[in-house]
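Here are some remarks for a colleague, set out as numbered points. Please read them alongside the coordinates.

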Amino acid sequence: MSAAGWQGQRRPQTALALRDPPWVRALLIVLAVTVLLSFLVLPLAVVLMEALRPGLDAYAAALADDNTHHALLITLVAALISVPLNLVFGIAAAWLVTRFRFPGKSLLITLIDLPFSVSPVVVGLALVLLYGAHGWFGAWLVANGVKVVFALPGIVLATIFVTVPFVARELIPLMQAQGREEEEAALVLGANGWQVLRHVTLPNIRIGLLYGVILCNARAMGEFGAVSVVSGHIRGQTVTLPLHVEMLYQEYQTAAAFAVASMLALLALATLLAQHALEALRRPQPPEETSP
């Protein structure tokens, strides 16, 4: 029997072997939906229900509080500073890793992934040891009137550290898969490095870049551990939204705590919707059928 005939006979058997029974698919669907509802949807729904249970007036009063406004401002400022810096770093790191060969390349990739494996609390303690009043650079900072720990710069540094990998790790595999043929062609045609980056590289990675920025922003606004260590919990000065929720809950202001937590949940939901929209754009479109 020829190889083509043997493959033609084996193909239906392989398809049948890979076809799961209906009860297996149903069981997996039920299991997945149960886990999602129990650990994701239900907690968020409870937060929204508890936030609205005292009434809309109490909910609006909690969101209109001056401390809540300042916590939101600190959160947005930290995100607005850390996300663009990580955007620039992510593009530069991805370009360096995917387009050049150099000693220590594997070490650089490992260092980019370091915030994934280090506890945020350890990050906060390390920043205190470096920039605190009794830290390595503390004496010089105090002498020059610069305050890092228990101030906004410390919050920004902690946020930058924990969000470093998101843009770079999104771009590195994407740029590796795309290769460098188009960029080399642009260089042959006379384009300089900046023109290649602007007109060839960035358009090819724009969806992945936006995806990494969205994840980085979500992580920046929701960071708690590292920011909690370096902030000092000074209300009206160094408190972000996650810290504000914790302080309200510890003060037994549960209605206000759930109201502010619902704001964070809505921000996370908006991030999820944006992420889903970008994933839809990243899916390859099926080719259009042409009439004979």
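1. In which loop is His 233 found? In this predicted model, His 233 sits in the loop that runs between α13 (225-231) and α14 (241-250). Its backbone deserves a look, since His 233 has a positive phi of about 55 degrees although it is not a glycine. As for the surroundings of the side chain, His 233 has a relative accessibility of 27%, and because buried means under 20% and exposed over 50%, His 233 counts as partly exposed.

2. A positive phi is also found at Phe 150, a residue other than glycine, where the angle is near 65 degrees. Phe 150 belongs to the loop between α8 (138-143) and α9 (152-163), and with a relative accessible area of 40% Phe 150 is partly exposed.

3. Turning to the pockets, the largest pocket has a volume of about 260 Å³, and the elements that contribute two or more residues to its lining are α2 (22-52) and α15 (254-282). The residues that line the largest pocket are Leu 36, Leu 40, Val 41, Leu 44, Leu 48, Ala 265, Leu 266, Ala 268, Leu 269 and Leu 272.

4. What classes of residue make up the lining of the largest pocket? The lining of the largest pocket comprises 10 nonpolar residues, with no polar and no charged residues, and Leu, Val and Ala, the residue types named in the list of lining residues, are counted as nonpolar.

Notes:
Residues numbered from 1 in each chain as written. Predicted model: local features only at pLDDT ≥ 70, side-chain atom pairs only at ≥ 80, totals over all residues. Heavy atoms only, no water. 1 Å grid on protein atoms, 1.4 Å probe; cavity = no way out; pocket = protein on both sides within 12 Å on 5 of 7 lines; lining within 4 Å. Points joined across faces, edges and corners; volume = space filled by probe spheres on them. Helix = DSSP H or I, 4+ residues; strand = E, 2+ residues; numbered from the N terminus. Buried < 20%, exposed > 50% of the residue type's maximum accessible area, 1.4 Å probe, protein only.
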